[in-house]
Amino acid sequence: MADTSFDIIVVGGGPGGYVAAIRAAQLGLKTAVVEREHMGGICLNWGCIPTKALLRTSEVFSLIKHADAFGLSVKDVSFDAEKIVERSRKVASQLSNGVKGLMKKNKITVFDGAAKLAGVEGGQRKLAVAMDDKSTVALTAKNVILATGARARQLPGLESDGKLVWTYKEAMVPPEFPKSLLVIGSGAIGIEFASFYRTMGAEVTVAEVLDRILPVEDEEVSAFAKRAFEKQGMKILTGATVANLKKAGNKVTATIAAGGKSQEITVDRVISAVGIVGNVENLGLEGTKVKVEKTHIVIDQWGFTGEPNVYAIGDVAGPPWLAHKAMHEGVLVVEKIAGVKGVHPMNSQNIPGCTYCQPQVASIGLTEAAAKANGLQVKVGKFPFIGNGKAIALGEPEGFIKTVFDAKTGELLGAHMIGAEVTELIQGYSVAKTLETTEAELMATVFPHPTLSEMMHESVLAAYGRTLHI
């Protein structure tokens, strides 16, 4: 009989949950994870990782189609949809199995089932776990961390059916590649799928209800991305509302209102990417002090829910809905529980965001508009990819890096990028913000040559009228 009493039980084995469990085990706490489906959660199995495998395929495909620009000759370029999906699933499976290995390595007990809060007894939280084998297990723990994640939002009239109208899950495993697509929503998920399918040859239309795509990004980045996507042949509709979906045979006809006009477009498939809702159902929250607002659990800066010894992290606890935010939350919550000295609460301005479309988009901190709206005086620097030797050598001259500084203190307020490999470059500014670096330290930093990272330096210099290479 496995142990049923623990110091910490984590409900959910996604990025936040499994990382929280590992950190708890490192601190000597007896730890368990309850996972109802796949270790690694949506991210490893149906989100971050397999989509990046798909996007890598489209990136390579795009390079091959432009091989002549590199002095290469490639004939009869084609692709095998089944093999593309198979590779993506293998990558996901490899990493999911890796998480299972980490659980064993750290002596973390894993229960395959669905858990719900079941009261308190003798100062211990009680959990009832409906196991996959239909049995029920009663667990107790001093502390419980809810890390149940989220799922795709379904809008009335636009619900997915798994066949003609897809969520991200179906979009990752198409039995065949559609020739035409409508993507509803232009956040990271919608744009990544739009970019993937367009690069692989599909006719793609993106409908965004707000006035610009990638609406959380800096306005200049959004505008640049729109021009780049349209140059690739993507159709972008902003200020657009999808009012109706009519299914007939193997096609979907959508009625879209945009710019004061209404139009109908007929496509093979529709991808609905209109946000997410937290998985808060069937957790036994009724009768507790856990508050739920807009499908997400309300927490304080330490992940505390208001119910004694119950915490929440990751997507179920609200935005930003990012795996790395969930991981960091998991660590800080566990360390706070364990009484580790020097634990700092999450600073959302130090969380980078990445979108893996072509061109890539990455950002951290305040946009120029947000900084000014906060009453700050700013200095802004920009540097284009066309001014960077490495970018030109790579055949990637499109894009720019933008930095925003507090004009009075020199504090780095934000950084915004679009172009090749910016999802890797952004971490440099992440470190700088965490260290509370000013423009002086960034200017004095030596960046290697020739690298794309030199543009980060030049952007800082540009904010103070000192740019060198343009």
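**Exercise 1. The largest core**

Task: In this predicted model, find how many residues the largest nonpolar core has and which of them have the most contacts inside it.

Solution. The core is made up of 36 residues. Those with the most contacts inside it are Phe 196, Tyr 197, Val 204, Phe 229 and Ile 271. Next, ask which elements build this core. At least two residues each come from helix 3 (48-65), helix 4 (81-105), helix 5 (168-172), strand 8, helix 6, strand 9 and helix 7 (219-231). Helix 6 gives the largest share, 5 residues. A second core, of 26 residues, lies apart from this one and includes Val 10, Ala 21, Met 39 and Val 333. As background, nonpolar side chains tend to be buried together in soluble globular proteins.

**Exercise 2. The open sheet**

Task: Give the strand order of the open sheet and say whether its pairing is parallel or antiparallel.

Solution. Five strands take part, in the order 7-14-8-9-10, and they pair in parallel. Strand 7 (165-166) and strand 10 (235-238) each have a single partner, so they stand at the edges, with one side lacking a neighbour in the sheet. Helix 6 (residues 188-199) packs on the sheet and touches strands 7, 8, 9 (203-208) and 14. The direction of helix 6 makes about 165° with that of strand 9. Now take one pair of strands: strand 8 (residues 180-184) and strand 14 (residues 269-272) are joined by 4 bridges. Within this pair, Leu 181 has Arg 269 as its bridge partner.

**Exercise 3. A loop residue**

Task: Locate Asp 161 and name the backbone nitrogens that its side chain reaches.

Solution. Asp 161 sits in the loop between strand 6 (150-152) and strand 7. Its side chain reaches the backbone nitrogen of Lys 163 at 2.8 Å, and that of Val 165 at 2.9 Å. The relative accessible area of Asp 161 is 32%, so this residue counts as partly exposed, a class that runs between 20% and 50%.

**Exercise 4. Checking a helix**

Task: Test whether the length of helix 8 (residues 323-338) agrees with its number of residues.

Solution. Helix 8 has 16 residues, and at 1.5 Å a residue they should span 22 Å. The end C-alpha atoms are 23 Å apart, which agrees. Next, look at burial: the buried residues of helix 8 include Ala 323, Leu 332, Val 333 and Val 334. Among the elements covering the buried residues are strand 1 (5-11), helix 1 (15-26) and helix 2 (41-46). After helix 8 comes Gly 339, with a positive phi near 80°.

Conventions. Residues are numbered from 1 along each chain as its sequence is written. This is a predicted model: local features need pLDDT of at least 70, side-chain atom pairs count only at pLDDT 80 or more; totals for chains, interfaces and linings use all residues. Side-chain values use heavy atoms; hydrogens and water are left out. Two strands pair if DSSP finds at least two bridges between them. Contact means heavy atoms within 4.5 Å. Axes are lines fitted to C-alpha atoms, for helices over the stretch in contact, and angles run from 0 to 180 degrees between N-to-C directions. A nonpolar core is a set of buried Ala, Val, Leu, Ile, Met, Phe, Trp, Tyr and Cys residues joined through side-chain atoms within 4.5 Å. Buried means under 20% relative accessible area, exposed over 50%, partly exposed in between (1.4 Å probe, protein chains only). A polar contact is a pair of N or O atoms within 3.5 Å; within protein, one must be able to donate a hydrogen and the other to accept it, and residues adjacent in sequence count only if both atoms are side-chain atoms. The expected span of a helix is 1.5 Å times one less than its number of residues.
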